[in-house]
Amino acid sequence: MATRADLPTKADIEREIRRMGRVFDEDVLKASYALYAPLQERAPKGGIDAHKDIAYGPHERHRLDLFAPARKPAAPAPVVAYFHGGGYVAGARSPLPGLIYDNVATFFARHGMVGVNATYRLAPEHKWPSGAEDVGRVVAWLGANAVRFGGDPGRIFVMGQSAGATHVATWTFMERVHGAKGPCVAGAILLSGVYAAQHPDYNTAKPGANQIAYYGEDTANWRDMSPLTHVKAGHPPAYVTVAEYDPYPLAWPSVALASELVKCDKAVSWFRMLAGHNHVSPALQINSEVDDLGRDLLDFVAACGADR
């Protein structure tokens, strides 16, 4: 484990992220892991019971890890389920076990909630809307089981990053996916997702191979598969973020979704541009000493329960 003196400072990290620029690829992903792993090694993790590799469905990727306070809350607590990214075709819930992305669920458990780190099926074997359906499977599993771990089945929040945010938004906003009963979530936290693969006002570039693998080759159908076009009155509260160093194809969808939410609600929604961050760093920092997002997440969850 790195000593305190060896750890990068927030200024060190921001300088390195700025050097990498508005690019996101496998090299940037690995470099970002390397920046935050030493901080996550030293991050607080005590007072938590971890329940690993729980099956929430029949597929081998229908797995989640659940983190709960060791001392069961006096009253049922909010539940926050996190879904990783990976461009629809890749990704793991714990690429660095105990550090990334367990840090997100650990953070919520440390603050008296039930934290969940879940994975889902991937393209090309599993097409749209399989990722969103798996978000729904996790929500259903938590609805039936959260009480056992001190969680409130009436206050389930879903949180995703990149492709995970796309799946979360698809489940949250699209009735053709979640059905007449609704999404059954108290709120959605969306970090740099892609809420429309193409858009005439923002992006008409040639589709990526990963997008075709998930959405299919007929791009004429893509608009109706996009949560951006399905924001309607009565939707659950949403907190949308975009990173300063998100590449344009990964940046515009968050701004566009925030605009749709404002038009729908006639009020400004929860939205933040995360300065000094790249596509993955907002999630990687959570629960560390350089975390500048966690407090907002706690405030969002609290605000969503203020009228209960």
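This dialogue discusses the fold, one helix pair and the cysteines of a predicted model.

Reader: How is the compactness of the protein to be judged?

Author: The radius of gyration is taken over C-alpha atoms and set against the globule rule, 2.2 Å times the number of residues to the power 0.38. Here it is 18 Å, close to the 19 Å that the rule gives for 308 residues, so the protein is as compact as a globular protein of that length. Buried residues (under 20% relative accessible area, 1.4 Å probe, protein chains only) make up 57% of the 308 residues.

Reader: At what angle do the axes of helix 4 and helix 5 cross?

Author: Axes are lines fitted to C-alpha atoms over the stretch in contact, and angles run from 0 to 180 degrees between N-to-C directions. The axes of helix 4 (residues 130-145) and helix 5 (residues 163-173) come within 8 Å and cross at roughly 70°. Helix 4 is therefore roughly perpendicular to helix 5, a term for angles of 65 to 115 degrees.

Reader: Which residues of helix 4 and helix 5 meet?

Author: Contact means heavy atoms within 4.5 Å. G131, A132, V135, G136 and V139 in helix 4 meet H167, V168, T170 and W171 in helix 5.

Reader: How many disulfides does a search of the whole structure find?

Author: A disulfide is a pair of cysteine sulfur atoms within 2.5 Å. The search finds zero. The sulfur of C184 lies 16 Å from the closest cysteine sulfur, in C304, which is too far for a bond.

Author: Residues are numbered from 1 along each chain as its sequence is written. In this predicted model local features need pLDDT of at least 70, side-chain atom pairs count only at pLDDT 80 or more, totals for chains, interfaces and linings use all residues, and side-chain values use heavy atoms, with hydrogens and water left out.

Terms used. Helices (H or I, at least four residues) and strands (E, at least two) are DSSP runs, numbered from the N terminus. Angles under 35 degrees count as roughly parallel, over 145 as roughly antiparallel, 65 to 115 as roughly perpendicular and the rest as oblique. Buried means under 20% relative accessible area, exposed over 50%, partly exposed in between (1.4 Å probe, protein chains only).
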